[in-house]
Amino acid sequence: MNDIRHTVAFGIDIGGSGIKGAPVDLATGEFAAERVRIPTPLPATPAAVAQTVAQVVDAFALDRSVPIGVTFPAVIAHGVARSAANVDPSWIGTNVETVVGQATGRQVLAVNDADAAGYAEVEYGAAKGVAGVVLVVTLGTGIGSALIVDEMLVPNTELGHLEIDGLDAESRAADSAREREELSWAQWAVRLQRYFEEVEKLFSPDLIVVGGGVSKKHEKFLPLLSLNAPIVPAGLRNAAGIVGAARLAAQRR
Ligand code: BGC
């Protein structure tokens, strides 16, 4: 596995409604202190969000040497946001590591939210030790994806934006669609079935891991799905993003 020279790192999850952070014990993948959450400022511009991230970090007495990782709900290539499906469009082209780094006065690693969750599942959760192709799919405001091959993450797969039946998949099958359209679990499961069938057709995963806030209620919908691969809830549930970002920051060379 990957070497880490730290015992604790700090993870921050930048989401559409809240910015959450916690120190992570890297030996166990558990929070080392209770998580702090501050509502996401509106409009969620880079400067406003970076200030809120700094507030979250300042809520803890962190040593300067503690690595910091932030998740962001967009394509992140070398620190720069390259898409903005569910975030303020002014983020496109913004170097997340630079703006958050300046606001916090620390070096920061930025990673796509689903990739962070996927990485945490490989290190500490449901995908640990699984050979072959694993897909981690987060169901929330959007649909995020992490593709993992023999425990290596292939970043920025963006499988929430597959076009299915002429529509952006996440607009039909995200958890926000269930809430917005007041779908029953069974009605939502029909859409998830369609979604995961399409994903299976393209990737033939050996395992599918489902994360996001709704993974806490997995028993309401996962048993309604019938797929070739086993489909299981994220071992770390919604904490996976924070944990994965912290771990990746600790591994950065
Ligand atoms: C974004 C992804 C993100 C996902 C979950 C999608 O709309 O395009 O980058 O991972 O939502 O937040």
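Here are three short exercises on the ligand site and the domains of this predicted model.

Residues are numbered from 1 along each chain as its sequence is written, and side-chain values use heavy atoms, without hydrogens and water. Local features need pLDDT of at least 70 and side-chain atom pairs pLDDT 80 or more, while totals for chains, interfaces and linings use all residues.

**Exercise 1.** Find which residues surround the ligand, and sort them by class.

Solution. Start by collecting residues with a heavy atom within 4 Å of the ligand. This gives 13 residues, and Asn112, Asp113, Glu158, His161 and Glu170 are the closest. Then sort the shell: 5 residues are nonpolar, 5 polar and 3 charged, with Gly counted as polar.

**Exercise 2.** Look for polar contacts (N or O atoms within 3.5 Å) made by oxygen atoms of the ligand.

Solution. Begin with Asp113, where a side-chain N or O atom is 2.5 Å from a ligand oxygen. Next, a polar side-chain atom of Asn112 lies 3.0 Å from an oxygen of the ligand. Finally, a polar backbone atom of Ala74 is 3.4 Å from a ligand oxygen. As for cover, the ligand alone exposes 310 Å² (Shrake-Rupley method, 1.4 Å probe), and the protein buries 94% of that.

**Exercise 3.** Work out where the ligand lies relative to the domains.

Solution. First take the automatic or database assignment: domain 1 is 8–116 + 239–251 and domain 2 is 130–234. Their C-alpha centres are 23 Å apart. Next, 9 residues of domain 1 contact 13 of domain 2, with heavy atoms within 4.5 Å. Both domains give residues to the shell, so the ligand lies between them.

Definitions and conventions
Polar contact = N/O pair within 3.5 Å; in protein donor to acceptor, adjacent residues only side chain to side chain.
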